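Visitor: I'd like to know how the labels on this one are earned. Can we go through them together?

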Amino acid sequence: AAEDGLNGWLRYARLPGNNTKQAIVPSSIVALNSTETSPVYVAGQELQKGIKGILGKTVDVTSESVDGPSIVVGTIDAFTAAGGDTDVIPELEEDGFWLNTEGDTIEIVGQNECGVLYGVFEYLSLLGQGNFTKVTKATNPSASIRWVNQWDNMDGTIERGFAGLSIFFEKNVTVANTTRVSEYARLLASIRVNGIIVNNVNANPIILSDENMAGLGRIADAMRPWGVRVGISLNFASPQTFGGLSTFGPLDESVIAWWGDITNKLYEKVPDMAGYLVKANSEGQPGPLTYNRTLAEGANLFANAVKPHGGIVMFRAFVYDSVNLNESNWKDDRANAAVDFFRDLDGDFDDNVVVQVKYGPIDFQVREAPSPLFAHLQQTASAIELQVTQEYLGQQCHLVYLPPLWKQILNFDLRVDGEKSVIGTDILSGKRFGKELTGYAAVVNVGHNATWLGSHLAMSNLYAYGWLAWDPTDNEVTILQDWTRLTFGSDKTIIDTITKMSMESWPAYENYTGNLGIQTLTDITGPHYGPNPQSMDNNPWGQWTRADATSIGMDRTVWNGTGFAGQYPSEIAAQFETIETTPEELLLWFHHVPYTHVLSTGATVIQHFYDAHYAGAETAASFPTQWAKLVGLVDPQRFDETLFRLMYQAGHAIVWRDAISQFYHNISSIADERARVGSH
Ligand code: GCU
């Protein structure tokens, strides 16, 4: 079962029943244009391994065409050269592929080598789910950037990592053994992720030592066959703190030369390095503002350095100034920061800079309004930043299936200039503003734990991330059920149970943590785990609720509040400006109201808090019972490990329920109509 954990959804478990399906699959794989380190070669090997596992059938892999039916895998160029019929293949874009299982010979043709690999994984996914329907399909990605970010520290710990130590670093150097690194790349390739930043955004300059550059070369070698390109996070002050220069000013000649030199050295070790990720002037990190230079000037410094090598710079929009935020000023609002910092810079960034924007304006909360910055970056490439690691969402000790949360954001229509501007399909696809370079990044933080994320069920989030980055219109239930079949098998009870629990999980978590857009109400002082509503005010980070004895919520209106609502295009701004037109799940995100404010259900805000917390805890309490139905259907190790977590979650949900309900009962002195709160 430990092996099952490491393989994640790529278990290739034998289909139940006898081997009658073996005949459906040809006995040979023809891997065109493959060399040992190429994705096409890996695709052939993976196909052989998968078919062996799923069907118990041994197939050969060759690179020459064979008599009789075969599975042909190769790039469109190689396929054409080998005399394949390309007339029927629709246009393939970068990383896209064609999968045709209609005829005796199965065709898996990629626009490039990554596409071949993705097509092979798709075919294996169908087989693995016992799905033998004939398919002919071409698919292309919604965006070219589909990356993950690891927040791995050089000492081997992982910031907001909940699954053990780093698979990339230990004791300030890159690991010698890259087995886990390539296993991770295999998982990423199967969900069509094509890039990874391996070190924490709070970057340690020691990543740039000669030894570590060589190590990055080894990491890249381990990931390259899987089509995953490696990049790193940079510390803006490195020229001074690591390079020994007297300055790190971004326009200083010596600094420019230093970064150019470092970048050239890196590309010697990692010739296809994806690029850099930069967190600057945020949470104590150095940046260009230190030198009165703009964030764009800071980003362009790196863009220039990587440009000759074809690299890009992901520059984070998570910039805010916590020093000058003061809760007693009704107008102060950290949510305003990203647009305030970046709005006037649109057009100033080089064309290989991508501004990476967290999905909400605060910080990965259980519910946020979408970042309005997506509407302002019209000439600047942009990407969304999601979190697979459940920093504010139960840290993998709680089951929270995240795609419904992500979809709230991806499906949101920002109505820029009164035109349809849906974040996923219009903005991140690049279509709305005619951009080539757009996409997705997710903070993942896998570790050495045998389940990768620390919990078997949490892996559905990683799986779904890849699919949504490829196509944000994919259905979250379909994705979940594919994952479930591949991970646990196709038994109906398994599918129904995991679907029900997973789809209930985010609403339940929101119910027993923070409702109505008030944020997660977790311990903001450090761990971001467990209830601590009092920490959500009077803190210097600007994550506030403005709760007092009679009222609660952030007034973000233009007419009376922080003005944040006005950062949206006019139609949306108008909607958030008044209580009546603000969706209730975001009521307290945008408005400050009395606890006695009546919601559409007829309940007051405070009564909703009480009711929701009881309802959420009740749902969590049902999870162990639901899971218990799978005894004997799931192997004992995964069954027990999951049950353990779900029982813990059920208990912790009660802790949450009571802590939050009591807290608001105490400050509001308003009784629970159902006399559950404050009565004992
Ligand atoms: C959050 C998180 C930090 C992280 C930061 C970031 O504040 O708690 O650990 O460094 O986001 O995204 O940069």
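Visitor: Into which domains is the protein divided?

Guide: Keep in mind that this is a predicted model. The division gives domain 1 (2–139), domain 2 (145–487) and domain 3 (512–554 + 592–668).

Visitor: What makes Glu 122 and Arg 192 a salt bridge?

Guide: Their side chains meet at 2.3 Å, N to O. The rule asks for a side-chain nitrogen of Lys or Arg within 4 Å of a carboxyl oxygen of Asp or Glu, so the label applies to this pair. Across the interface of domain 1 and domain 2, that rule finds 3 salt bridges.

Visitor: How do you know that domain 1 and domain 2 are in contact?

Guide: Contact needs heavy atoms within 4.5 Å, and 27 residues of domain 1 are in contact with 28 residues of domain 2. There are also 12 residue pairs in polar contact between the two, both partners at pLDDT 80 or more. The C-alpha centres, for their part, lie 31 Å apart.

Visitor: What is the area buried between domain 1 and domain 2?

Guide: About 2300 Å², and carbon and sulfur atoms give 60% of that.

Visitor: On to the ligand. Why is Glu 159 called a polar contact of the ligand?

Guide: An N or O atom in the Glu 159 side chain is 2.4 Å from a ligand oxygen. The cut-off is 3.5 Å, so the pair qualifies. Arg 160 has a polar side-chain atom 2.9 Å from a ligand oxygen, and for Glu 391 the figure is 2.4 Å. As for cover, the ligand taken alone exposes 320 Å², and the protein buries 96% of that.

Visitor: How many residues in the shell around the ligand are charged?

Guide: 8 are charged, alongside 3 nonpolar and 2 polar ones. Among the closest of the 13 surrounding residues are Lys 279, Arg 316 and Lys 358. Lys and Arg count as charged, so those three belong to that class.

Definitions and conventions: Residues are numbered from 1 along each chain as its sequence is written. This is a predicted model: local features need pLDDT of at least 70, side-chain atom pairs count only at pLDDT 80 or more; totals for chains, interfaces and linings use all residues. Side-chain values use heavy atoms; hydrogens and water are left out. A residue is near a molecule or strand if one of its heavy atoms lies within 4 Å of it. A polar contact is a pair of N or O atoms within 3.5 Å; within protein, one must be able to donate a hydrogen and the other to accept it, and residues adjacent in sequence count only if both atoms are side-chain atoms. Accessible areas come from the Shrake-Rupley method with a 1.4 Å probe; for residues, only the protein chains shown count as cover. Domain bounds come from an automatic or database domain assignment. Buried area is the accessible area (1.4 Å probe) that two parts lose on being put together, summed over both.
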